[in-house]
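Biologist: I'd like to learn how to read a model like this one. Could you walk me through a few features?

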Amino acid sequence: MSGKSLGLVFFPAFDWAITPAHPEREERLLYTRDQIVEEGLLDLPNIKEFRPRLARLQDAERVHIGVPGLAQLITDAHLVSAGGAITAAEAVMRREVHSAFALVRPPGHHAMRVVHGTRGFCTINIEAVMVEYLRRHYGLNRVAVVDTDVHHGDGTQDVFYHDPDTLFISLHQDGRTLYPGTGAMSELGSPGAFGATVNIPLPPGTTDQGLHVVLDQLVLPMLEDFKPDMIINSAGQDNHYSDPLANMAITAQGYARLTEKLGADIAVLEGGYAIEDALPYVNTGIILAMAGLDYSRVVEPDIARCPRQSETNTRYIAKLVAEWQDIWRRRDELKREAVAKAGDLWQRRRNIYYDDSGIQEQQQETVRQCPFCQGYQTVATQADSRAGGSRSAFAAIIPRQSCGVCRRQAQAAVHNAKQDGRHDHYYLQDKEQDTLEEI
Ligand SMILES: [Zn+2]
Ligand SMILES: [Zn+2]
C-alpha cells in the first residue's frame with residue numbers, strides 16, 4: 001500500500017457544549033470516529049493516532065487578550081482543543097508524520113484577538129494559537145492559513161490582519177447571505193500587511209465545479225507566489241450540500257480533491273453540522289487524501305440530492321476570479337498606495353457581536369505604521385452585555401521583531417491610557433518577550 005504518513009488527533013470534548021442540543025456538539029466527532037474505525041483507517045500502517053496535549057494559558061495569551069482575563073472565559077476543553085492542534089503541528093515539525101489532521105472541538109476561527117465571550121461557537125482561536133506556538137518554539141516565519149469553512153474566518157483574519165508574514169485566505173459563502181456577515185473582497189489587511197488577507201466570497205449554491213475553479217485559478221497560484229514555510233487548512237465542512245446551517249453544494253469528493261491539491265501540512269477541523277449525512281464522508285475523504293490514498297469510493301448515499309451549479313453562479317465566479325487575479329497582480333503597487341494614504345497611523349472602528357454570549361463590542365484599533373517593524377498596535381474596547389453589564393479595556397501590542405521606538409511607544413501608550421483612567425482594564429501584550437500583563 002502506498003501513501004504518506006498522517007497523524008490524527010481526536011478530541012470530542014464530552015464535557016463542553018453551548019447547550020445540549022446545539023448543532024456544535026460532541027456527536028460531530030463521534031460519528032466520524034465510528035466511520036474511521038469501521039473503515040479500518042486506524043489500522044493502516046501510515047496512519048498514526050496522537051493524544052492531544054493541554055495547551056498552556058500562556059499559549060492562548062500569546063494570541064488573545066481576554067477581558068477581564070482569558071482564564072475566566074474558557075474551560076480546560078478549550079485548552080485541549082488548542083493543544084490538539086499543537087500536538088498535530090508538533091508531530092509534523094518533528095517529522096513523525098508528513099501531515100496531520102486535528103479533529104478537535106470546540107472550534108476556533110471566529111475567536112478574535114480581543115475576547116469578551118464566545119462568538120460563532122468559538123472562544124479561543126485554535127489555529128492562531130498553533131501558528132504562534134510554532135513561531136515561538138520552532139522559528140517558523142511565513143505561514144499560510146487557508147480557511148475552507150463555509151463561514152468567513154473572521155477571527156483568524158482579525159488576529160493576523162496586521163501581519164504581512166501570514167497569508168490568510170478564506171473561501172466562504174458570501175457574508176451578505178450568511179453569518180458572520182464579513183469577508184468582503186475589500187478586506188485586504190491593514191496597509192503594512194496589505195494583500196496578506198484574501199477573501200473569496202462565493203455565491204450560495206456554489207458546487208465542486210466553482211470551488212475548484214477558485215482553487216486552481218486563485219488559491220494555488222497565490223500560495224505558489226507567497227511561498228509559505230507551512231500551509232494550514234482550517235477544514236470546515238459546512239460547505240457540504242446537506243449542511244443545515246448554510247447553502248452551498250460541495251460533496252465529499254469535492255472536499256477530498258481540494259485537500260489533495262492544497263497539500264496542507266496541518267488540517268484543523270472547524271465547522272460542519274450535518275453530523276450523519278456529511279461529516280463521516282467528508283472527514284474520511286480528507287483523511288484518505290491527506291494520507292495519499294484512493295478516495296474515489298467515498299460517496300454519500302444521497303449524492304443525487306446535490307444540486308448542479310447554475311449558469312448565473314458559473315459566470316459570477318468567473319468574474320470574481322478575474323477581479324481577484326487583477327488585485328493580486330497589482331498588490332505591491334496597491335500596498336504602496338495604502339501605506340502612503342495611511343501616513344503614520346492607521347485606524348478603524350468596528351462593532352463586533354458575540355452571538356453566543358449576547359455581547360455587543362465597540363472597538364477602536366490603531367496601528368502605528370513603522371518603516372522598521374510591523375508597527376505597534378493599540379485597541380480600545382468596550383463591551384455591553386445583554387444582561388446590562390459593561391466592561392472596557394485598553395491594550396497595547398508589541399509585535400514580534402519590534403523596533404525600539406515601537407516598543408517604547410507601546411509601553412507609553414498603555415501607561416498614558418491608565419493615567420487617563422477611562423477604562424476598566426489595561427493590558428500590554430509583548431510578542432517579543434512572550435508576555436501579557438495587566439498594567
Ligand atoms: Zn462554519
Ligand atoms: Zn517599529
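Biologist: Which residues of H7 meet H8?

Modeller: Keep in mind that this is a predicted model. From H7, the residues are Asp208, Leu211, His212, Leu215, Asp216, Val219, Leu220 and Leu223, and they meet Gly254, Arg257, Leu258, Lys261 and Leu262 of H8. Sorted by class, that contact has seven nonpolar, two polar and four charged residues.

Biologist: At what angle do H7 and H8 pack?

Modeller: For a pair of helices, you compare the directions of their axes, and angles under 35 degrees count as roughly parallel. Here helix H7 (residues 208-226) and helix H8 (residues 252-262) pack at about 10 degrees, their axes 11 Å apart. So H7 is roughly parallel to H8.

Biologist: Now a single residue. Is His64 buried or exposed?

Modeller: The cut-off for buried is under 20% relative accessible area. His64 has 0%, so His64 is buried. You'll find His64 in the loop between helix H2 (57-61) and strand S3 (65-66).

Biologist: What does the side chain of His64 reach?

Modeller: The backbone nitrogen of Asn125, at 2.9 Å. Beyond its close sequence neighbours, within four places, His64 also has contacts that include Leu70, Met112, Ile124 and Leu436. And Val159, 95 residues away in sequence, is 8.2 Å from His64, C-alpha to C-alpha.

Biologist: And Met290, buried or exposed?

Modeller: Same approach: Met290 has a relative accessible area of 7%, so Met290 is buried. Met290 lies in helix H9 (residues 279-290). Leaving aside neighbours within four places in sequence, its contacts include Leu6, Phe101, Thr259 and Ile266.

Definitions and conventions. Residues numbered from 1 in each chain as written. Chains lettered and ligands numbered in written order. Predicted model: local features only at pLDDT ≥ 70, side-chain atom pairs only at ≥ 80, totals over all residues. Heavy atoms only, no water. Helix = DSSP H or I, 4+ residues; strand = E, 2+ residues; numbered from the N terminus. Buried < 20%, exposed > 50% of the residue type's maximum accessible area, 1.4 Å probe, protein only. Contact = heavy atoms within 4.5 Å. Polar contact = N/O pair within 3.5 Å; in protein donor to acceptor, adjacent residues only side chain to side chain. Axes fitted to C-alpha atoms, helices over the stretch in contact; angles between N-to-C directions. Parallel < 35°, antiparallel > 145°, perpendicular 65-115°, else oblique. Nonpolar A, V, L, I, M, F, W, Y, C, P; charged D, E, K, R; others polar.
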